[in-house]
Amino acid sequence: MAAVTALPVSLSGRFKGSFAYFTVKDRLPQILTKVIDTLHRHKNEFFEEHGEKGVEAEKRAISFLSKLRNELQTDKPVTPLEDELPDAALWNQYLDYQRNVSNGNGEPSWFQSPWLFVECYMYRRIHAALAQNPPIDNFDVFKEGKAQNFFESQEAVIALCTYFQELLKNIKDLDEKQLQEELFKLLQVSLWGNKCDLSFSAGKASSLKSSPLQSLENMIPYILVNDMEKLWSLLVNAKKRNTENSNVRVDIILDNAGFELVSDLVLADFLLSSKLADEVHFHGKSIPWYVSDTTKHDFNWIIKQLQSANHMWMSRCGINWEGNLKKGAWVYRDHMFWTLPHDFSSMTEVAPDFYADLQKSNLLLFKGDLNYRKLTGDRKWEYTVPFHQALNKFHPAPLCSLRTLKSDTQVGLKPGQGEQLQASEPEWMISGKYGIESHDHILLDIPVAREQMNHYRAAAETAQSELAALSVKYDYAQSELLELRSRMVSKEASFQELKAEAESYKENNARQMSRLLFLQTRIQEIEEEARVLTTSKNQADLTAQVAFKENWELKEELHEQNAKLNKYLNECEESMTQTSKISRKYEELLTQLSAFLDTDIREKEKPQEHLMSKVSEICKENLTLKDQVAALQEAVNVHEMESKASRETIMRLVSEVTKEQKKAAGYYQDMEKLRKDLDSAIIGRQSLEMEIKNLQDKLTANQKALDASKRELNNLKASSRELDGSLKSSREEARTAQSSLVAFKEQIATLLSGGSAIVKLSEKAIVERIQEINCKEESKEIMISQLETQIAELTKTLENQTRLYQEALEKSRKAEKCSETFQDQLKHLEEELLSVDLMQDGLKLEKQKYLKFLEQLNEKMKLDSLAEEVGFDMNVDAILARVEQLVKLEGDAVIENKTMAYSLRRKLKTQKEKLESKELHVNLLRQKITQLEEEKQVRTALAVERDEANVAVRKLHKMTERLQKQLDLARETNTDLKAKLSETNELKIKTLEQNRTIEELSKSQGKLERMKEKAEKQLTSVKSELLLKERKATEDKEKNKNMLEAVTNEMKVLKTALAELAKRERQLADFRDMVSRMLGLNVASLALPDYEIITRLEELIHSHQHHYFPCVCLKDMARAPEEHSQRNIQLLH
């Protein structure tokens, strides 16, 4: 026995040159460095999501992991876990166990401890490094590698999905042999998918980039242990033994995500589609583990990726698998035991509840190298050790291991097979080239033994019934009791089915409640959006009102400016008339000069030259004045041109203002329409809120009704349990009654085992008593027939209940269909949200157009370099500064003109002083010059007015700039209003669709209420029927108790009567013997008649006349029977 129980040495890094030593020395530090690198690469992402806290948490995690890497590389002792995670206590207990195993050889270190413990400990410390540093505690450092592995295996996934979907089309037409071949193919695909292990490649890419179905036949020689035939027989036998109350359950303990997980899901779907299994339970890891092991997030992520794939068969697989999860045919579980350092043989001690759950399975399918190492304890076994022995008493259910060899432990090989492989390929156990499919062969025969035990038990029950059949009537009653028991068992089974159906109905109700809660949250979000829209609309109304006010003020200002412009035009016309008058006066002056100089200008060809020659001296002095006057005229012409340009700009502004007024009027009309739409939307929203409140009230009422129904179901369960207890007690009472009857029969047999004479004397009384008992038994049979009729009625009522419950299930399925329609409507709403996003993109395009307009302004105003240097935010400010610079330049020009005018005035004054010194004929010229001066003054006044006009023009420019800004703002507000109009239209559409959905919800709610009412009626009927059953059962119990009490009383009376009869018979026999002895008769002769004794007594009475002797004899005779009777009573006791 010591050789059987002794276990080999665990694989460890202390064995230099082994694969464990290589892993601890090289592969584990490489994995840690890659983890640190991934955290560093996601530093910016942590900062964007969590700010400085994320960066600080990343630094702390990296320092923690760097310390861990240093401990590993320097072979430091393994320290206890200091975190507060749920499994920390179990880890520290296992570390204490390792310390005790070392037998005082020091603290367990990285290279001296078992390889399995050290490797699991490293991944647990990686998880602790992130879990202790929020807000990055939920970050999966291995997520990128798993996703990359999946995407790189797209071709293999597409090939596998297409093959499987084509197989599903014809799966119903396949015979048993073809199903077996397809199962073997998918098992091999799942086996070779285990090559995609990132922990084995230290995080490097290890995807499957080609279809695995093409090379399956070539890979069969590399399967060292192939027990697929036994797996097939196990599944077929389980399918044959399947009943209505029991399902065939297969548990798959997952290994790697990516392609291997897809192959496992395909295998599970095949088991369900071929009806080899009724439910499949998947077991994954609760934390990131061994780089590529499957977690719950990976499981759901791959199904979603397949659903959203562009390939038809991939998306079909994803949709079907999501349906399996919702139906409950697939169940995903992630127990904490899978990420502990214990091997599987210690599951009964560490997780006994989980071990008990695994015992319910018909097949446990362990995937991957890590699960195989934990199954065999990760020990240095001999190659030929049976797989059952290496499991070390871990036998919860029939199990199978699919694994490609990636560690140096292997059992179950044929003699010489391992040595041959070692000689040909020294690294055959760590290359991943070979695979195994090992089964626990002993447990495969357990179901047959169970069937035999059940058969033997049935035979034993029948034998017991035959042995207990001592009387015909008792056998008949016992057979009837057995039939009743079988009926009660069938009823209990049906009742359990009803319980299971009720639980499924509860689950469906919970799902519907979750969906309703999701819809409620969605409605609340829509309400919040409507509130935001109303606030934005109110703000738009306020901005529109402000814009209307500003437009009104601008209109008034424009009217004022138009009046000023008219005034300026009138003044310009007056100045033109004055210039015409001045020209006429100039001609008159020429005539006067010709008259004054006594020259006839008309006769001469060139009168002006003649006059100039005459007045050369005067002209020489006045040339400067003329030049200045000409300069002034040119300046006047320039200002007139500028005034014309300003008029044109003013006219353009007036036209633009009229256009904008028209646009504002159109916007005002649109705003009125928007207000009307808002009013209607507000009214609709209020109605929607009222309907939502009503729906919420109905939902609360429905929830209350559901709670009440749940309570009633709990009460029904309790009552059913009480009925089960009462049935058990009645069965025990029946058993006690059977034992008492057997004892009674034995007592009758002992009572009837006396002498033959005694039997002859008591036969009549016994027969009469037996006849009375038979009559009573006939009355019992009548009672049993009545009970059978009651049981038949109960069966009918149970059948009615099952029928009603099936109707309720159909109604629940209809409700699920309604929920699916709601999901479609939600998808439609999401599409509408996408259209809203498109509208936002259009707004972005308009913004880009506005930016282009600003760039064009910059180009025209020569501000390109400044715009590039300053940026977008200061671009508008730069344009405004440029405009101010232009205005200042114009002001400087006007100031220069004013200075020129002042200098001209001074020169005119000097000319006046010169003219005063001349003669009288110059006085006339002076007068004319004074007139010219007056004209100049008029011109200066005009220049002043022109300056004022320029100032007004500047003001108008500023006003126009303000108006342009306001117009830009108005345009932006108009665009916002247009966008909001589109949003309001979309909201209208959404509200209409919401109204439709609410109507449909109300209809479905009405249906659900009807369903609930029917269910409540059914529950009330079930309650009433159960109460009737309870009453009938109690009445039957009381009747049975009364019958048993009557039977026991009768038995007691029979016993007492028989005892009295026996006493009397013995007393009579003793009396007869004593009398015969006294008379001298031979008592030994059996044929002594009674009449001889009577004749002898008569003779004695007649012969003796004295009474003394007979009295004495009679006293002795009285004493003797009393003593005999007392002796007989003592014997009976």
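Start with the whole chain in surface view: its accessible surface comes to about 67,100 Å², and 55% of that belongs to carbon and sulfur atoms. Keep in mind as you go that this is a predicted model.

Now switch to cartoon. You will be looking at 30 helices and seven strands. Of the 1133 residues in the chain, 38% count as buried. Among contacts with a separation of 6 or more, 80% are made by residues 24 or more positions apart.

Next, select helix H12, residues 259-273, together with helix H13, residues 296-307. Their axes lie 11 Å apart, and the two helices pack at an angle of about 75°. Angles from 65 to 115 degrees count as roughly perpendicular, and H12 and H13 are therefore roughly perpendicular to each other.

Show side chains where these helices touch. On the H12 side, pick Leu261, Val262 and Leu265; from H13, they are met by Asp298, Phe299, Ile302 and Ile303. By class, this contact has six nonpolar residues, one charged and no polar ones.

Then step along to Ser274, which sits in the loop that joins H12 to strand S3 (279-283). Is Ser274 buried or exposed? Its relative accessible area is 6%, and under 20% means buried, so Ser274 is buried.

Zoom in on the Ser274 side chain and look back towards H12: it reaches the backbone oxygen of Leu271 at 3.5 Å. Finally, add Ile171, Leu179 and Lys239 to your selection. Setting aside neighbours within four places in sequence, these are the residues in contact with Ser274.

Technical notes:
Residues are numbered from 1 along each chain as its sequence is written. This is a predicted model: local features need pLDDT of at least 70, side-chain atom pairs count only at pLDDT 80 or more; totals for chains, interfaces and linings use all residues. Side-chain values use heavy atoms; hydrogens and water are left out. Helices (H or I, at least four residues) and strands (E, at least two) are DSSP runs, numbered from the N terminus. Buried means under 20% relative accessible area, exposed over 50%, partly exposed in between (1.4 Å probe, protein chains only). Contact means heavy atoms within 4.5 Å. Accessible areas come from the Shrake-Rupley method with a 1.4 Å probe; for residues, only the protein chains shown count as cover. A polar contact is a pair of N or O atoms within 3.5 Å; within protein, one must be able to donate a hydrogen and the other to accept it, and residues adjacent in sequence count only if both atoms are side-chain atoms. Axes are lines fitted to C-alpha atoms, for helices over the stretch in contact, and angles run from 0 to 180 degrees between N-to-C directions. Angles under 35 degrees count as roughly parallel, over 145 as roughly antiparallel, 65 to 115 as roughly perpendicular and the rest as oblique. Ala, Val, Leu, Ile, Met, Phe, Trp, Tyr, Cys and Pro count as nonpolar, Asp, Glu, Lys and Arg as charged, and the others, Gly among them, as polar.
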